[in-house]
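Dear colleague,

Please find below the structure that I am handing over to you. A short account of the findings follows it.

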Amino acid sequence: MAWLHATPKPDERSRRGKTESDAPRHSRIDALKRKKIDPQMPPNPAPHITTWLIEIGLSEAAGMGAAPLRLA
């Protein structure tokens with residue numbers, strides 16, 4: 001998901017990086033949506049574990065509010 005929501009920026013030393021202006025960049029997911037392409041998600045070899053983690057919750061109560069769940 002991070003790769004899809006990232007905004008690619010060319011290397012400043014490349015020809016494309018030197019000629020490209022500071023125009024607002026679009027993320028990869030925005031480009032795919034404009035082309036009406038559904039992004040492929042990677043295979044999930046353990047869907048039962050993913051379901052279990054979502055079932056127990058992705059956060060827990062902490063001293064100053066919610067905190068990410070730590071599995072140790």
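Which residue is the bridge partner of A62 in β2? In this predicted model, the partner of A62 is G65. A second bridge in the same region links S59 with P68 of β2. These contacts belong to the pairing of strand β1, which covers residues 59-62, with strand β2, which covers residues 65-68. The two strands run in the antiparallel sense, and four bridges hold the record of their pairing. Between β1 and β2 the chain passes through a hairpin of two residues.

I turn next to the surface. I49, W52 and I56 make a nonpolar patch there, with an area of about 300 Å². I49 lies in helix α4, which spans residues 47-56. Is I49 exposed or partly exposed? Its relative accessibility is 40%, and I49 therefore counts as partly exposed, because that class lies between the limits of 20% and 50%.

The last point concerns the backbone at K36. This residue is placed in the loop between α3 (28-34) and α4. The phi angle of K36 is near 60 degrees, which is a positive value in a residue other than glycine. As for its surroundings, K36 has a relative accessibility of 77% and so counts as exposed, since the limit for that class is over 50%.

When you open the model, you may wish to begin with the hairpin that joins β1 to β2, and then view the patch made by I49, W52 and I56.

With kind regards

Definitions and conventions: Residues are numbered from 1 along each chain as its sequence is written. This is a predicted model: local features need pLDDT of at least 70, side-chain atom pairs count only at pLDDT 80 or more; totals for chains, interfaces and linings use all residues. Side-chain values use heavy atoms; hydrogens and water are left out. Two strands pair if DSSP finds at least two bridges between them. Patches are made of residues with over 30% relative accessible area and no salt bridge: like charges are joined within 9 Å, nonpolar side chains (Val, Leu, Ile, Met, Phe, Trp, Tyr) within 5 Å. Accessible areas come from the Shrake-Rupley method with a 1.4 Å probe; for residues, only the protein chains shown count as cover. A salt bridge is a side-chain nitrogen of Lys or Arg within 4 Å of a carboxyl oxygen of Asp or Glu. Buried means under 20% relative accessible area, exposed over 50%, partly exposed in between (1.4 Å probe, protein chains only).
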